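Visitor: I have a structure open on my bench computer and would like to learn how to read it. Could you walk me through it?

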Amino acid sequence: MVQELMIALVAALCAGALYVASAARVIRQYERGVVLRLGRLRENVRLPGFTMVVPGIDRLRKVNMQIVTMPVPAQDGITRDNVTVRVDAVIYFKVVDPTNAVIAVEDYRFAVSQMAQTSLRSIIGKSDLDDLLSNREKLNQGLEVMIDSPAVSWGVQIDRVEIKDVSLPETMKRSMARQAEADRERRARVINADAELQASKKLAQAAGEMSAQPAALQLRLLQTVVAVAAEKNSTLVLPFPVELLRFLERAQQQQPAVEGADTGRTGRQSSVNGATAQPPSSSGNGSPLPEAEAPHPETRTSEESAVPPAPPTPAAPSSAEQPFAHH
C-alpha cells in the first residue's frame, strides 16, 4: 500500500514538472507577449520576464519591439520628365502596439515592405530627375508620410526612410557629363572675358599715362627684355611697339629743321665777320677805292654763307709812294 502511494506521488510530481515545463515562458526585455486563449485575445500583454500559460489552451506570440532595418528592393520607374531610373531605399520602423501588430495584420514585416515598394514607385513617378538627385530630404519626408499612414493602424511606427541610390542609364550619364562640362566651360569663358575686360581697362589707363611721357614706353620695353632674358632662352624675341616707331619718326623730322636753323645762324655770323675784317683798297693813282657794298646778311643763301670769305689781297703801292731814285 505504501509502495503504491509512493508510485502515485512520484507520478504526480512528474506530471507537475512536465506541466510547469510546458507552461513556463521567458520573455526578453525587448519583447512583449500577446496571449490568445482558445483563440480569444487576452487583454493583458505579458511583460518581460518569467510568465506562465496554460498548455494546450493558451498560445503566446512574442513581438519584437526593437527598431527594424529593412532594405527596400530597387524599383524601376519613369520620372515626371520621362527618364527611366532605378531607385532603392532603406526603411527604419518599430512596433509600438504589439496587439495590433498581431491582430490587425497577418505579417507586419511583409506588409511594411510591400507598402514601401509601392510608395517608392509612386514617389519616382511624381518627381523630376533633379529632385531625385539633389532634393532627397524632401522626397524622404514624403515617402515616410506615405508609408506611415497605413502602418499606424498596424501598430507600426515608421522611424525613418532613406533613398540609398539612384541608378541612371548610361546614355543619361553621358548626357549629364556633357552638360556639366559645358556649364564649366561657360563659366570659364565668362571669367576669362571678365578678366580681359578688366585688363583692357587697366591697359587703357597705362597707355594714357605712357602717352604723356614717351620715355616710359622705352623703360617698359627694357623691362620686357629683362623679363624675357631672365628665362635663359637661346632666342630672344624683342617686341617693337608702333608708338616707339612714331616717336623716332618725329625725332627724325625735327632734326633737319634744327640743323638748318643752326647752319643759318653760323652763315650769318661768318658774313658779318668777313665784312668787318676786309681792309680798304687803293687805286693805281693813289686814290682810295670805294668800299664795296656788303650784301645784306638776310639775302645770302645758305650755300654762300657756308663758303668762308677769301682773305683780302694787299693793294699795289702807287707812284707817289715809291721811293725817289738816287741820281
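Guide: Happily; we will take the sheet, the core, one buried residue and the salt bridges in turn. Keep in mind that this is a predicted model.

Visitor: Let's start with the sheet. In what order do the three strands of the open sheet lie?

Guide: Strands of a sheet pair through backbone hydrogen bonds, either parallel or antiparallel. Here the order is β3-β2-β5, and the pairing is antiparallel. At the edges sit β3 (40-41) and β5 (58-64), each paired on one side only.

Visitor: How many bridges join β2 to β5?

Guide: Seven bridges join strand β2 (residues 31-37) to β5. To find one on your screen, pick V35, whose bridge partner in β5 is L60.

Visitor: Now the inside. Which residues have the most contacts within the largest nonpolar core?

Guide: That core has 35 residues, and those with the most contacts inside it are V85, I91, F93, Y108, V156 and I158. Among the elements that give two or more residues to the core are β6 (68-78), β7 (84-95), α3 (108-126) and β8 (156-167). Helix α3 gives the most, with seven residues.

Visitor: What does V85 touch, leaving out residues up to four places away in sequence?

Guide: Its contacts include Q75, D76 and G77, as well as I124, L129, L132 and V166.

Visitor: And T99: is this residue buried or exposed?

Guide: T99 counts as buried because its relative accessibility is 19%, and the cut-off for buried is under 20%. The residue lies in helix α2 and touches V34, L41, V45 and A104, not counting residues up to four places away in sequence.

Visitor: That leaves the charged residues. How many salt bridges are there?

Guide: Side chains of opposite charge can pair when their charged atoms come close. In this model the count comes to nine salt bridges. One of them joins R86 and D76, with the closest N and O atoms 2.8 Å apart. This pair links distant parts of the chain, R86 being in strand β7 and D76 in strand β6, 10 residues apart.

Visitor: Where do R187 and D183 lie?

Guide: Both are in helix α6 (residues 170-212), four residues apart, about one turn of the helix. They form a salt bridge whose closest N and O atoms are 3.5 Å apart.

Visitor: Why are R189 and E185 separated by about one helical turn?

Guide: Because they are four residues apart in helix α6. Their salt bridge has its closest N and O atoms 2.8 Å apart. R189 counts as exposed at 57% relative accessibility, whereas E185, at 40%, is partly exposed. Salt bridges with shared partners also join D183, R186 and R187 into one network.

Technical notes
Residues are numbered from 1 along each chain as its sequence is written. This is a predicted model: local features need pLDDT of at least 70, side-chain atom pairs count only at pLDDT 80 or more; totals for chains, interfaces and linings use all residues. Side-chain values use heavy atoms; hydrogens and water are left out. A nonpolar core is a set of buried Ala, Val, Leu, Ile, Met, Phe, Trp, Tyr and Cys residues joined through side-chain atoms within 4.5 Å. Buried means under 20% relative accessible area, exposed over 50%, partly exposed in between (1.4 Å probe, protein chains only). Contact means heavy atoms within 4.5 Å. Two strands pair if DSSP finds at least two bridges between them. A salt bridge is a side-chain nitrogen of Lys or Arg within 4 Å of a carboxyl oxygen of Asp or Glu.
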